[in-house]
Structure formats: structure tokens, C-alpha cells
Amino acid sequence: MVKHQPLQVYEKQVFVSFVTGIYGCRWKRYQRSQDDSSRWECTWFVILCSSFLLLLFWAYFWLVAQNDFNEFNWSVYNRSGEWRDETIPILASTTVGFSYITFLLILALFHISLGQQLNLYWVHKIGVLATLLTTVSGVVSVDDIWGDEWDILLVSLQSTAPFLHIGALATVTAISWLVAGYVVRRERSTFQMMVLLIYVVILLAVYVAPLTFTCPCIMDRHSLKPRPDIIGRRGAPMLAPENTMVSFNRALQHGASSLEADVTISVDGVPFLMRDHTLRRTTDVSKVFPARQFDDASFFNWTEIRSLNAGHWFLESDPYWTVNTLTARERSRIGNQTVCSLVEMLRLAARSNSSALLNIRKPPPEHPRHRSWFMDTLWAVQKAGISQKRVRTVTWTPDTDRGKVRGLQQTTHEKLSMEEIRQRGITSLTLHYGKASHKDIQEYLANNVSVTVYPVNEPWLYSILWCSGVPSVSSDAPQVLRKVPYPIWLMSQNAYSFIWISSDLVSLVLVIGIFCFQNYHMIRWRMSGMQNYNPEQIMLSAVARRSSRDVNIMKEKLIFSELNNGLSSTEELSLYPENGYARYSHGGLSR
């Protein structure tokens, strides 16, 4: 007498169906498999991981590069001749691509943890390749247009490294569950040992990474220097048109202690404020003088320059997305702005007891004021009634011309050694933040050389420069830095060492615990001598050996057809996975 077992019914696996359905379009049970993934699918998994890491790098770059979005748009303008906010499509595409790749990677990791075979759907393969190629082309384009900006990555690590370390620590600790499951629950192989070795090396590298960190804000609170002064770079160009009187007034209202401007000499010897070589971007020269819109700004006389409007472009293009915050009165005032002369700006600085930093562009050789530009500048300073000691000049000229600007404090954008600084008689430096390392800043300050760092528009960058002891920064966003009363984070070396070592120890305990748990679970499973069979693991011995897909289809058809027809109490389907028998009690399938 054969004892019959009751019908084995499929359990619903909603989550597994969701994971395999979205990742590989395998929604039905018989489409899934727990066999090892093919080398082709493993290659696609590697491509997916590579795309994620590249997009993570790309997204982090644009996150910290917000400090220089204005510089990026200006670089694009100099190439294309059209002013547009090019960061919007880049940020939008990066957000969509990163979200898409991250979602697919999470699904792939669920496949691995659930023991499901990887099988990326062909539509996703096209999407992954498109995202990867788009990101690579973006990296190449930025390197061509804005290659110097890569320096911000190393600078930003001075602020973010401790937090990125904690994130990396949590990630490698979580991955240990997948690594342990792969190494422990399978037969030993050389590839498994390689995976384990690579994981251990990465884990140890993350543990000791803080030894390479240089973070100025890891310091004693009592050693913190006074808050750096803020210089309004072209005024407050995010709130009003750059290099205009309303812009300089807004900068002073938001706590700027100095004003910075770009000086150009007109054809009749009047110094005026203009950043670009032409007047196209910031004035209506294309309407007033259409035939001369591409001419050098220095070849216009002051009467012609003064007739141009310097505010309408700001209201129309809204370069910083701030126009909607302006009142009707402020918009009217901005709309009536004209090009500002150097004398007007210096008089404003004198009235507000502020100093001035002037970036003077020497006229080209064919310009009538090519040899007398320095006298024109001195005349403007004297006419404005401001003390020459409160005016610093940066001249984009050879060293032979520096001595001509007598009576004014001279600074330079070049990174010089102390010997060169003494030889040139320079008392201050105005350096890009990418050139001003923490070590260099400390050396300059120790030798009584004042350092101004530019452009500083984000609180995190302002904080690390504050911790470095920089006396002043030049900013396009004084209204933002005004709201930073203290460095974003500051902790002592002992406090950080405690956090670092404690985090490493907790991670190490968790990793060892995960490997021990996985190993114990596997030993216990093997000693029990019993293996839980699910429908995907049952082989119907009544049928000739077929592919896994064919057997799964046959199983579902057999079982669900009987469910639809209904079974009597004596007609029961009996499955014997352990001995390969499958039979009906009344002459059905028999072997």
C-alpha cells in the first residue's frame, strides 16, 4: 500500500516576483532559476557596478561644484557666445541616471541575496549603456571646458572625508553579508578565495583611510582664528547685476567688508567696471551699437558706454534664479542701471569705510591708453577720495609694469614662494582655493603675508578656510556666507580619533559576526541531513531529462490543471522528490 502525500501547492512569492520581474522581466515562477548566473550576465553586473561608481563620482563632483556654477556658465559663454544656465540639464540628467542605475543595482543585490539567477532585461541593458556613455562623454566634456575644476574634489575632502569614511564603513560592512553567503555556502574554489581576499583588502583600506585625511576643522576650538572677512566679488551678483552700484550696495548690506571689481580702461581714459572683453552679455550693446557688439569693450568711449543699460539682461536671463525674490521697486531700480565707473565704486567704498580690490585689465597694444592705463587708475583713486592704503590692485601684466602702480598695495593671483614674494615687494596674495593648500596658507600667514581666497560661495568651503586661518575670502554670495556664524563642524583630534577607532571596531565585530553566523547556519543545515525543497528544485522523474525551463513549465501545467479540475479525496497527486516518483492514486501518472 503506497501512502499518498497531499498536493503540494505553490506559495506566493510576491517580493521575488517583483525583484525578478523589474530586473529581468521574469514575472512567472517557471521563468526564474536558482542556477549560477552565466558569465555574460556576470559581465553585465560588473558594467552595472562600474556605471554606479562612475555616476556616484559624477554626482559628488556636481554637488561640490555648486560653489563654481557661475564660473562654469561663464566658461561656456566664452566658447558659445550665448549665456545660458548649462548646469540645469546636467543636474537633471545626472539625477535621473543615478536614480535609475542605483535602483537596478539594488535589484541585482537582492537577486544575489535571494539566490536568484541574474538575467538583466535587454531594455535595461540599453539603458545602462546609454547612461554609462552619456556620463563618460560628460566627464570628457568637462575636462575639456572646465579642467581646472577637478581640484575642488580634493579640496572638498577636507570637509567631507570624515563623513564619507563613515558611509564607506557602513557599506563595506553591509556587503559582508553577501560575501559571506557566497564564500561559505558554496564549494570552495579559487575564485571564491579571490573574492574574499579582495574584500578583506578593501575592508582594511577603509579602516586605515583616516590616516591620509587632512581636515583643518579637526582642531582645538581655542585655536580657531577670527571669522574671515567677506569681499563682495563684483558686489552681490546673485542679487543684482554684477559690477553695478546696486550690486555693491547689496553686498555691503549683507556684511561685506570690502568690494572687488574688474576694471577696464575706455578709449578716452576712463576706468569702468566690466568683467567680459565685450559688452554683449551684460549690456544692450547689440541694440544700441549692433555693428560694434563684438568689439573689445575698451575701444568704446565713456559717453557711449554710459548710454548702455546694464540691468535688463539680469531681469531677462535670471542667471541665479533670484529675480522672483525681488520687489517691484528693486526690479525697477535694477532695470535702470548703467555701467559703473571706477570712481563711483571707490566713492561708495570710502563712504562705507570699506576697502577695494581691483582686477585691472591692461588695454591691448593698439589701444591709445596702452601706456598710460596706470595713470588713469591713479587718477580715479585720487578723485574718489579714498586712501590708497585701502586699495589693492591685481594687474594682469608683466612684472615690468608692476612698479608703475606706485602708492597702491599690490597683490597677485600667482602662487609664489616666500623668496619671490620678498623680491617683488608683495604683501598679500589673492589665490584660487584650488591653489591654496592648508600647508601653504599656514606658511604665508607665519611670514605675515595676507591671503585672500576666491571664489568662496558655499558654507562648507568657507568653514574649512576659516579653520585654516584665512583672513579674508572673495565671494559672489555674501548673503549666504553671512548666515555662517561658526564653522559647519569642528572637533578635537581626540574626539575624532575616538569616533574613528570605535567605528572600525564596531564594523569589525559585525563582519566577524556575520561570517560566523553564515558558517554556523551552513554547518547546521548540512548536519540536519534535510534540505527544504521548493517547487523550483523538484524534478519530475516521470519525464525525460529536459532543460530547467521546460521542467518548470511542465510542473506548473500539471499541478494547476489538477487544481482547476478538482481532486476527490482519493485522487491525490503524490510527489516524491527524494526517490523521483510521481503517481496518481487511481491510474494517473505512474512509474
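# A loop-and-ring tour

Start by selecting Cys25: at 32% relative accessibility, Cys25 counts as partly exposed (buried means under 20% relative accessible area, exposed over 50% and partly exposed anything in between, with a 1.4 Å probe and protein chains only). You're looking at a predicted model, in which local features need pLDDT of at least 70, side-chain atom pairs count only at pLDDT 80 or more, and totals for chains, interfaces and linings use all residues. Residues are numbered from 1 along each chain as its sequence is written, and side-chain values use heavy atoms, with hydrogens and water left out.

**Stop 1: Cys25**

Stay on Cys25 and show its backbone. Cys25 sits in the loop that links α1 (14-24) to α2 (helices, H or I and at least four residues, and strands, E and at least two, are DSSP runs numbered from the N terminus). Check the phi angle while you're there: for Cys25 it is positive, about 60 degrees, although this residue is not a glycine.

**Stop 2: two tryptophans on α2**

Now follow the chain into helix α2, residues 39-64, and pick Trp40 and Trp44. They are four residues apart, about one turn of the helix. How do their rings meet? The planes are at 90 degrees and the centres 5.9 Å apart, so Trp40 and Trp44 make an edge-to-face pair. (Rings of Phe, Tyr and Trp, taking the six-membered ring of Trp, pair if their centres lie within 6.5 Å; planes under 30 degrees apart are stacked, over 60 edge-to-face, the rest tilted.)

Turn on the surface for these two. Trp40 is exposed, with a relative accessible area of 53%, whereas Trp44 is buried at 7%.

**Stop 3: the ring cluster**

The structure holds 23 aromatic pairs. To see rings gathered together, select Phe57, Trp58, Phe61, Trp62, Phe69, Phe72, Trp146 and Trp150, which form one aromatic cluster.

**Stop 4: Gln66 and a far-off partner in sequence**

Click Gln66, which is in the loop between α2 and α3 (69-80). Gln66 is partly exposed, at 37% relative accessibility. Add Asn457 to the selection: Gln66 and Asn457 are 391 residues apart along the chain, yet 8.3 Å separates their C-alpha atoms.

**Stop 5: a cis bond**

From Asn457, step back to Pro455, in the loop between β8 (450-454) and α18 (459-468). Look at the peptide bond running from Tyr454 to Pro455: this one is cis, and its omega is near -25 degrees.

**Stop 6: arginines over rings**

Two side-chain pairs come next. Show Arg281 with Trp83, where the charged end of the arginine sits over the tryptophan ring, 4.7 Å from the ring centre (that takes NZ of Lys or CZ of Arg within 6 Å of the ring centre and within 35 degrees of the ring normal). Then show Arg292 with Phe289: here the arginine lies over the face of the phenylalanine, at 5.7 Å from the ring centre.

**Stop 7: either side of β4**

Finish at β4 (355-360). Ahead of the strand, Asn353 lies in the loop between α13 (342-351) and β4. Asn353 is another residue other than glycine with a positive phi, near 60 degrees. Is Asn353 buried or exposed? It is exposed, with a relative accessible area of 64%.

Past the strand, select Arg361, which is found in the loop between β4 and α14 (373-384). Colour Arg361 by accessibility and you'll get 17%, so this arginine counts as buried.
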